[in-house]
Amino acid sequence: MRINGDTKGVIKVEYLHGGDIYTNQGMTDFSVNVNPYGPSKAVMRAAKLAMARIGEYPDPRCQGLREYLAAELGVEQNHLVFGNGAAELIYDLVRTEKPKKAVIAVPSFAEYERALNSVDCWIQYYTCREENGFVMQEDFMDLLTEDVDMVFLCSPGNPAGTVIPKILMRKIMIRCEFLRIRLVLDQCFFEFMAEDEDDLFLTFKNDLHESTKKYPSLFLLRAFTKMYAMPGLRLGYGICQDERLLERMEECRQPWSVSIPAQEAGIAAIKDQKRVRNIRGFLLRERRWLEKELDKLRIPYFPSKANYILLKSELDLYELLKEYRILIRDCSNFRGLRKGFYRIAVRQRGDNQKLIDALQEIYEAAQAEQILREMEEEKRLQREAQEAAEKAARAAEEEIEAAEKALKVSEEEAAATSKEVGQDKAEEALEEVGIEVSEEMAQDKNEETPEERTEVPKEQEAMPEKKQAEMI
C-alpha cells in the first residue's frame, strides 16, 4: 500500500496487492491466494471466545502459541518469533539487521523491496526469466558475493508459484552460511504443495530442525494467513537458530503486536492438521482442473506448485473480468513483469467454473472481433488495391495522352523543320541556278564573234573619229 497526498490535501491510497474487495465490493475474489474454504470452525470458535479477553493485554511472548507450534514443527521454542503477519516480521528483521546491500529474486512480494528501502539499502535484483518459466537458475549464485548482507527468496514464488530446485537451494544455503549472508526464505505458500513434490524442502520435522541448526544464517518466514485463512487476524512467524538475532528483533519491535484472538486462533489452527491435508488435496485437484480448462481455451499460463496460477494474455483480463463481477490480480506492478500478466487463485469448483465460463465468453468475443477486424482489414486492403489500380490506370492514360501529345508536337516540329529545310534548299538551288546562268551568260558574251557584235550605224561610221569620241 502506497499513500500519496493529492492537491486537495486528501490522502490517496494506492493498493499494491490483491484482495481489494473494499473498492471492488460484491465480486468473486480470485486476486488473493487464501484457502477458499475459509477458516475452520475451531478457529472461528477460538477467536470468538478470545473476544471476551480483549480487555487484557496480549501475551508479548505468545507462550501458549509458541509451545504448540514448536511441538508441531519439531523445533526449539526459542527459535521462533511471532508477528502481526509475515509482513511485520520482514520489516522487523530488516530494521534489526540494517543491511547495506541485499539481493532480491523478482518478480516477488513487494514488501521485501519496501522494507529494504526503509533503511536505505542498495538492492540488486535477480530476474527470473519468462523463457525459464520464472524458475530460478544456477546463475543466481553469481550474485552471492562478500559484500551482500541479506537475500530475500520466496519458494513457492509469488506470483508464478514456482519452486527453487532443491539442489540449487542447498547451494544457496551453503554459500550464504559461508559468507555470513542473512538468507530470508519466504515459505508462506509451502503448505499448498503436494506432499510427494520432488522439490518439497524444509517442511518435515527432521529436515526443518537439522537445516535451521546447521544454517544459523537461514531465516524461514511463514504465516497463518494463507492455508488457515486468517488474513484478518494477522499472524505470522519466523524460524531461525540464531537466537541473538531473535532477541534483537524482540528489542526492536512493539511488544503486543499479536492480539489475543490471533494467538488463540493460531493454537486452534495448529491442532487441526487433518483439515490442512484434506484442503491441500482438494486444491491440488482444482488447480489441475483449471490448468486443463486453460489449455482448452489456449490461454498461456505457467505451471504452478501453489494455490494460484500466473496467466499471460494480450487482453485486459483484469478489466474484462470485472464486468463478470470477478476480481483477479493484475501483475503489471510486479518488478520483472509487465502489462499482460495476471494471477488467479485456485478456488472451489463453482467459482472456478464461473471464471472459466467468463474467460471462454471473453475469448470467443475477442476472437469474433478479431475475425471482424481481419475482414475489415481485408476489405480495406482490397479498396486500397482497387484505388491503386484505378490510379495506375489513370496514370497510364495520362502517360498515353502525354505521349500522343508529345508525338504530335514532334511531328509538327519535324514538318516545320522539313519545310524550312526545303525552302533553304530551294533558295540554295535557285542561287546555284542563278550563278550558273550568270556564268553561262558571261561565258557566252565572251565567246561572241565579230560578226555577232552589235553593228554601228552607218552614219557613225562615216563620222570622223574625233566626232565619234565626242558622241560617246
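Is Phe282 buried, exposed or partly exposed? I start there because the reply depends on a cut-off: buried means under 20% relative accessible area and exposed means over 50%, and at 35% relative accessibility Phe282 counts as partly exposed. Please keep in mind throughout that what we have here is a predicted model.

Phe282 has an aromatic partner, Tyr37, and since the ring centres are 5.8 Å apart with the planes at 45°, the pair is described as tilted. The two residues come from distant parts of the chain, with Tyr37 in the loop between strand 3 (28-29) and helix 1 (41-50) and Phe282 in helix 9, 245 residues apart. Tyr37, for its part, is also partly exposed, at 32% relative accessibility. This is one of twelve aromatic pairs in the model, and elsewhere ring pairs join Phe82, Phe224, Tyr228 and Tyr237 into a cluster.

Two rings also have an arginine over the face: Arg349 lies over Trp289, 4.3 Å from the ring centre, and Arg343 lies over Tyr308, at 6.0 Å from the ring centre.

Let me turn to the interior. The largest nonpolar core holds 118 residues, and those touching the most other members are Met136, Val151, Leu153, Ile172, Phe219, Phe224 and Leu359. Helix 9, residues 273-297, supplies the largest share of this core, with seven residues.

Taking Phe219 as an example, and leaving aside residues up to four places away in sequence, its contacts include Val81, Leu93, Val184 and Ile239, and also Leu245, Leu246 and Met249. Those last three are the buried residues of helix 7, which spans residues 243-252. Seen down the axis of helix 7, the buried residues fall within an arc of 95°, so they line one face of the helix. They pack against strand 4 (80-83), helix 3 (86-97), strand 8 (182-186) and strand 9 (218-223).

My last element is strand 5, residues 101-106, where six of the six residues are buried, so the strand is largely enclosed by the rest of the structure. In a regular strand the side chains alternate between the two faces of the sheet. In strand 5 both faces are covered, with Lys101, Val103 and Ala105 buried on one side and Ala102, Ile104 and Val106 buried on the other. How does strand 5 pair with strand 6, and over how many bridges? Strand 5 and strand 6, residues 122-127, run in the parallel sense over six bridges, and the bridge partner of Ala102 in strand 6 is Ile123.

Key:
Residues are numbered from 1 along each chain as its sequence is written. This is a predicted model: local features need pLDDT of at least 70, side-chain atom pairs count only at pLDDT 80 or more; totals for chains, interfaces and linings use all residues. Side-chain values use heavy atoms; hydrogens and water are left out. A nonpolar core is a set of buried Ala, Val, Leu, Ile, Met, Phe, Trp, Tyr and Cys residues joined through side-chain atoms within 4.5 Å. Buried means under 20% relative accessible area, exposed over 50%, partly exposed in between (1.4 Å probe, protein chains only). Helices (H or I, at least four residues) and strands (E, at least two) are DSSP runs, numbered from the N terminus. Contact means heavy atoms within 4.5 Å. Rings of Phe, Tyr and Trp (its six-membered ring) pair if their centres lie within 6.5 Å; planes under 30 degrees apart count as stacked, over 60 as edge-to-face and the rest as tilted. A charge sits over a ring if NZ of Lys or CZ of Arg is within 6 Å of the ring centre and within 35 degrees of the ring normal. The arc is that of the directions from the helix axis to the C-beta atoms. Two strands pair if DSSP finds at least two bridges between them.
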